[in-house]
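I opened the model to look up its charged side chains. My notes follow in the order in which I took them.

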Amino acid sequence: MKVLKINKKDYVLKFTTKAIMNLNAKGITLTSLASDMENLNLISLYEAFHESLKFANKDITLDQTYEIIDSYYEEAGEVEEFFTIVLEEYSKAMGLGNKFKEIMKQQQN
């Protein structure tokens, strides 16, 4: 679970099993998100972010999620950092947090 402060408000990101299953049903997996990161394909990233927000705010809409994302970028957030945050939380939820850190470390070298 991660808390992002965006526009002076805290947003809890947590990928529950239900969130992961919802994403998998849409074809959004950890592997596909990593691939989308390389291509800067934002659709699956925003869908994943939306699912992670539902943990603390079950009624949040996709449009509300887009507004949060807009605020994130307006506060000088970077898309690559955003992808990394979502991927890291997704991988932790699947018990792959350490593996994700290893992969990210290798990519930086």
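I began with Glu89, which has a relative accessibility of 3% and therefore counts as buried. The model is a predicted one, and I read each value below with that in mind. I looked for a partner of Glu89 and found a salt bridge to Lys92, with 3.4 Å between the closest N and O atoms. Both residues belong to helix H5 and sit three residues apart, about one turn of the helix. Lys92 has 39% relative accessibility, so I put it down as partly exposed.

I then asked how many salt bridges the structure holds. The count came to four, and I followed up two others.

Next I took the pair Lys26 and Glu47, whose side chains meet in a salt bridge at 2.8 Å, N to O. Which parts does this pair tie together? Lys26 is in the loop between helix H1 (17–25) and H2, while Glu47 is in helix H3 (residues 42–53), so the bridge ties together parts 21 residues apart in sequence. I also checked whether each partner is buried or exposed. Glu47 is buried, because its relative accessible area is 19% and the cut-off for buried is under 20%. Lys26, at 47%, counts as partly exposed.

The other bridge I noted joins Asp10 to Lys5, with the closest N and O atoms 2.9 Å apart. I recorded Lys5 as exposed, at a relative accessible area of 57%. Asp10 has 46% relative accessibility and counts as partly exposed.

I turned to Asp36, which lies in helix H2 (residues 30–39). I entered Asp36 as buried, with a relative accessible area of 13%. What does Asp36 contact once its neighbours within four places in sequence are left aside? I listed Asn41, Ser44 and Phe83. For Phe83 I also looked up the C-alpha separation from Asp36: it is 9.1 Å, for two residues 47 apart along the chain.

Last, I went over the surface for negative charge. Asp63, Glu67, Asp70, Glu74 and Glu75 form a negative surface patch. I asked where Glu75 is placed. I found Glu75 in the loop between helix H4 (62–74) and helix H5 (79–93). The relative accessibility of Glu75 is 42%, so I marked this residue as partly exposed.

Notes
Residues are numbered from 1 along each chain as its sequence is written. This is a predicted model: local features need pLDDT of at least 70, side-chain atom pairs count only at pLDDT 80 or more; totals for chains, interfaces and linings use all residues. Side-chain values use heavy atoms; hydrogens and water are left out. Patches are made of residues with over 30% relative accessible area and no salt bridge: like charges are joined within 9 Å, nonpolar side chains (Val, Leu, Ile, Met, Phe, Trp, Tyr) within 5 Å. Accessible areas come from the Shrake-Rupley method with a 1.4 Å probe; for residues, only the protein chains shown count as cover. Lys and Arg count as positive and Asp and Glu as negative; His and the chain ends are not counted. The place of a charge is taken as NZ of Lys, CZ of Arg, CG of Asp or CD of Glu. Helices (H or I, at least four residues) and strands (E, at least two) are DSSP runs, numbered from the N terminus. Buried means under 20% relative accessible area, exposed over 50%, partly exposed in between (1.4 Å probe, protein chains only). Contact means heavy atoms within 4.5 Å.
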